[in-house]
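Author: Please look at the sequence and the structure side by side before we begin. We shall then take the questions one at a time.

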Amino acid sequence: MLLLKQHYRDRRGLNKETSKWYVEFKDHHDRSQRIPAFTSRPASQEFGRNLERLVAYFKASGGQAEPELQEWIAHLPRRVTERLLKIGLLDARRSVHHKPLTEHLDAFLDARRAKGVTEKQVKLLSTRITRVLNECNFRFWGDISSSKLLAVLNELRQNGTDDQGDDVPGISAQTFNFHLQAFKQFCRWAAKERLIAESPVAHLQGLNVRLDRRHDRRALSEEEFDSLLKVTRKNKTRFGMTGSQRALVYRLVAETGLRAGEVASLTKEVFRLQDDPPTVTVMANYSKRRREDVVPLLPETAEKLAKHLKTVPAKALAFHMPDKSAKMLREDLEAARAVWLGEAKTKAERRKRTESDFLKYRDRDGLVADFHALRHTFITNLARRGVHPKLAQDLARHCDVNLTLSRYSHTVLKERATALQALRPTPPTEPADDKTPKREPAVEGSEQRDRKKIRERV
């Protein structure tokens, strides 16, 4: 390696020396190459030593870059990277460090689509990662800083104001984790594709969501669910679905645990209503666990589905589910609650019903009854009827039984109080009364005692 400064003539013909040092070295073909380094001599010397290490490892490994130099290569100036690419010392993929992260994001999203991820999930990933890039001002791989990412996400958790000056709550711990997970997934993909040496955010951990729950769901009681179906059947068309269609969907979800996206994917052909038992199949592309799921149906529900599907063309969707299924259910809950309140016969009864959480979207504990709450209702009802946890896990299509038991099996205070009755001690059994009167020993008189003594003497 040779460190030198080049000379040139300026416009006036004067001999000048460049401010930058140049490194002259032998490449992997033993050809002399000269690359501009830095104005600092020590920095230029270090640059030259790394170039020699790069050449030596390239020749010894048959064209690979030394792992310890990956970080150094990632932060090289664009002109140096392009020169090394031209010489052939770097893989063409090393030029990705000078491409905007938005271009890499497009490639990442295309890779997710090729893997079978639904377009809805791809859009959600894109939204979250784009928000991180914009909020953190990350433009290239070298800009990514784990500390800055955490600082920005923590700042988003703080309350703020919108353009109108109104208070806006910060993001929840769950939303914090969703954004962090999406960005970590993006960086993990880049590391697997060898676009970067390693993920700069792999070590980051999410928050404890139990300390900041804002959208916990509740299970509907049997009385609430019956009232919801009764009123919804007779209600007007909402969100492109008649009242009877919405009631049938609610019943289907509460008896199978299907998710909104899975219901929206069902076609007429996936129903096997004449089988024993009748079933509906969720295709792997729409199942959350990416497997084909065959879900059993109750015979009564199968009969209602058969009547509905007669009006559905072949190969058509069974239900035209709206994008805002939670809003649809919320309006039906409000309508059912209004009818229930109107059925009160006295003012005292109406006041009592008004204070109740019956059919409320959000109860006094902050728990909500959105569309996914019907799935919670399904699993909770399994627990209430004593279904074995392992069978409940299978019906819920969960990979972990703890998820089935902890998150979805809801109990109420009255049920817990009833369960505590099993801890009451059993009262002692009283001995049975003997109806036969016991004979009291006779009291011996003086004459009887005298006769007894005489007999003993004889």
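**Strands, cores and helices**

Reader: In what sense do β9 and β10 pair, and over how many bridges?

Author: This is a predicted model, in which local features need pLDDT of at least 70 and side-chain atom pairs count only at pLDDT 80 or more, whereas totals for chains, interfaces and linings use all residues. Residues are numbered from 1 along each chain as its sequence is written, and side-chain values use heavy atoms, with hydrogens and water left out. Strands (E, at least two residues) and helices (H or I, at least four) are DSSP runs numbered from the N terminus, and two strands pair if DSSP finds at least two bridges between them. For β9 and β10 the sense is antiparallel, and the number of bridges is four.

Reader: Which side chains along β10 are buried?

Author: Buried means under 20% relative accessible area, exposed over 50% and partly exposed in between, with a 1.4 Å probe and protein chains only. Along β10 (residues 293-296) the side chains alternate, and V294 and P296 point to a face where they are not buried. P296 is also the residue that T279 stands opposite. On the other face of β10, the buried side chains are those of D293 and V295.

Reader: Which strands are the edges of the open sheet that contains β4?

Author: Three strands form this open sheet, in the order β1-β4-β5, and the pairing is antiparallel. An edge strand pairs on one side only, and this holds for β1 (2-4) and β5.

Reader: Which strands does helix α1 touch?

Author: Strands β4 (residues 22-26) and β5 pair over five bridges, one partnership being that of K26 with S32 in β5. Helix α1 (residues 41-61) packs on the sheet, and its direction makes about 20° with that of β4, where axes are lines fitted to C-alpha atoms (for helices over the stretch in contact) and angles run from 0 to 180 degrees between N-to-C directions. Contact means heavy atoms within 4.5 Å, and the strands that α1 touches are β1, β4 and β5.

Reader: Why does I35 count as buried?

Author: I35 is placed in strand β5 (residues 32-36), and its C-alpha atom is separated by 5.6 Å from that of Y22, 13 residues apart along the chain. Not counting residues up to four places away in sequence, I35 touches W21, Y22, V23, F25, F47, R83, L84 and I87. I35 counts as buried because its relative accessibility is 1%.

Reader: Which element gives the most residues to the largest nonpolar core?

Author: A nonpolar core is a set of buried Ala, Val, Leu, Ile, Met, Phe, Trp, Tyr and Cys residues joined through side-chain atoms within 4.5 Å. The largest has 42 residues, and those with the most contacts inside it are Y250, L266, F271 and F319. Elements giving two or more residues to this core include α8 (222-233), β9 (279-282) and α12 (325-342). The element that gives the most, with seven residues, is α9.

Reader: How far apart are the axes of α9 and α11?

Author: In α9, the residues Q245, L248, R251, L252 and E255 meet E300, T301, K304, L305 and H308 in α11. The two helices pack at an angle of about 145°, and the distance between their axes is 11 Å.

Reader: What percentage of the residues of the protein chain count as buried?

Author: The protein chain has 18 helices and ten strands. Of its 458 residues, the part that counts as buried is 38%.
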